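Biologist: Can you put the model up? I'd like to go through the ligand site with you.

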Amino acid sequence: MKITNGYVNITSPGRNFITLKIETDEGIYGLGDGTLNGRELAVASYLTDHVIPCLIGRDPFQTEDIWQYLYRGPYWRRGPVTMSAIGAVDMALWDIKGKALNTPVYNLLGGKSRDGVLVYCHAFGKDIDAALEDVAHHKNLGYRAIRVQSGIAGLKSTYGVAKGPGRYEPAERGLPSEYEWETEPYLRSVPKLFARVREAFGEDLYLLHDCHHRLTPIEAARLGKELEPFHLFWIEDPTPAELQEGFRTIREHTTTPLAVGEVFNSLWDAHDLIRNQWIDYIRATLTHAGGFTPMKKLADFAELYHVKTGCHGATDLSPVCMAAALHFDTAIHNFGIQEHMPHTDETDAVFPHQYYFKDGYMYPGDAPGLGVDLDEALAAKYPYQRAYLPVNRKIDGTLTDW
Ligand code: GCO
Ligand code: MG
């Protein structure tokens with residue numbers, strides 16, 4: 001089999017998505033997600049201008065060789081744009097392989113290691129009472145694991161809480177808006193939030209919380225310690241992880257499990273975190289970390305150190321990535337949990353898919369390949385619209401991590 005053509009689809013059914021389609025001489029095609037929130041067109045150009053021309057004529061079954069060609073070949077390595085582009089190619093090739101062999105991708109990765117994939121959803125509210133209502137709502141939908149975020153008294157906006165009615169969506173159309181941040185009120189509020197959640201819902205729910213890279217290691221250590229009585233499944237991105245050693249400080253002070261890695265794009269971003277056992281869950285995604293080929297290696301490396309996976313699954317990853325993640329989660333041994341932020345009906349219609357949610361778990365379906373498609377005629381009705389993630393400033397005006 002030979003690759004004969006490839007092109008990038010850009011669509012915006014509510015938010016922007018970059019999808020790579022690779023075609024072959026046997027009529028089989030594969031899809032890959034290359035969406036990088038707020039920097040979508042850079043990945044589209046990387047694919048169209050630099051990657052696709054090098055793929056024509058290659059054997060799509062050679063996923064390892066093509067991955068190495070795209071990673072080592074250009075000399076310039078890593079970075080979210082490069083790795084999202086490589087991730088899209090790798091995903092599309094595994095989709096082709098599955099379709100050609102008439103089997104779901106999870107069978108190519110080791111077969112089913114479990115029946116269902118435990119997922120967590122997002123609950124939030126402008127204050128603690130509203131957050132509790134949203135937890136109750138999601139529990140009634142059947143979720144067994146819920147991430148909880150709430151507004152902070154005195155701050156106009158915070159991460160994970162929608163500004164208006166409706167669900168939370170991180171990117172906003174137009175140029176970046178500015179959010180406001182102060183650490184101390186946040187640190188005082190989160191333990192109160194989880195005390196109330198446990199009081200209202202008991203011990204059975206798995207509870208998670210995202211700090212979104214906003215704390216220093218010692219602040220995160222304080223938060224982890226104060227959350228211990230509420231037995232969280234994890235706190236996520238407690239501190240930025242460029243300095244992997246920062247996690248040592250957090251680890252030395254708390255037994256609250258730690259998750260990090262949604263912005264990672266290589267095993268090397270997590271190398272010290274994993275081999276020193278400073279984290280419990282690695283959140284790298286199939287799109288941003290370069291596809292199945294390196295993610296399988298990352299998971300296998302993590303397994304040696306008792307680290308499990310918890311793949312990023314925000315709505316800024318398309319249903320193609322969601323499908324890929326569910327195949328991956330089904331197959332690997334050290335799966336921990338999968339994030340699930342449901343897409344809008346418009347997005348689901350553009351990307352018809354086999355995967356589904358039932359009673360707290362998700363299932364990839366048994367269609368050959370990834371089990372997800374792209375309705376290009378419908379996608380064309382939603383042209384690209386510029387959108388950015390917000391930026392964040394401390395109340396004195398200093399730019400800080402969003
Ligand atoms: C999460 C994330 C996201 C990010 C988003 C940025 O845990 O789901 O933190 O919501 O903010 O992916 O593009
Ligand atoms: Mg996060």
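Modeller: Start with the pocket: the largest one is the space that ligand 1 takes up. Bear in mind that this is a predicted model.

Biologist: How many residues surround ligand 1, and which are the closest?

Modeller: There are 16 residues around ligand 1. H212, E236, E262, D316 and E339 are the closest.

Biologist: And how does the shell around ligand 1 split by class?

Modeller: Seven residues of that shell are charged, five are nonpolar and four are polar.

Biologist: Which side chain has an N or O atom 2.9 Å from an oxygen of ligand 1?

Modeller: That side chain belongs to N37. For Y159, a side-chain N or O atom is 3.1 Å from an oxygen atom of ligand 1. R283 also has a polar side-chain atom 3.2 Å from a ligand 1 oxygen.

Biologist: What percentage of the area that ligand 1 exposes alone does the protein bury?

Modeller: The protein buries 95% of it, out of 340 Å² that ligand 1 exposes when taken alone.

Biologist: Switching topic: what does UniProt place at residues 128-257?

Modeller: The unreviewed UniProt entry places a domain feature there, "Mandelate racemase/muconate lactonizing enzyme C-terminal".

Biologist: How much of residues 128-257 is helix and how much is strand?

Modeller: Helix makes up 39% of the span and strand 15%. The C-alpha atoms at the two ends of residues 128-257 are 23 Å apart.

Note on methods. Residues are numbered from 1 along each chain as its sequence is written. Chains are lettered from A and ligands numbered from 1 in the order in which they are written. This is a predicted model: local features need pLDDT of at least 70, side-chain atom pairs count only at pLDDT 80 or more; totals for chains, interfaces and linings use all residues. Side-chain values use heavy atoms; hydrogens and water are left out. A residue is near a molecule or strand if one of its heavy atoms lies within 4 Å of it. A polar contact is a pair of N or O atoms within 3.5 Å; within protein, one must be able to donate a hydrogen and the other to accept it, and residues adjacent in sequence count only if both atoms are side-chain atoms. Accessible areas come from the Shrake-Rupley method with a 1.4 Å probe; for residues, only the protein chains shown count as cover. On a 1 Å grid over the protein atoms alone, a cavity is a set of points where a 1.4 Å probe fits but cannot get out, and a pocket is an open set with protein on both sides within 12 Å along at least five of seven lines; lining residues have an atom within 4 Å of a point. A molecule sits in a cavity or pocket if more than half of its atoms lie within 2 Å of its grid points. Ala, Val, Leu, Ile, Met, Phe, Trp, Tyr, Cys and Pro count as nonpolar, Asp, Glu, Lys and Arg as charged, and the others, Gly among them, as polar. UniProt positions are given in the numbering used here, feature names are shortened, and annotations may be inferred rather than shown by experiment. Helices (H or I, at least four residues) and strands (E, at least two) are DSSP runs, numbered from the N terminus.
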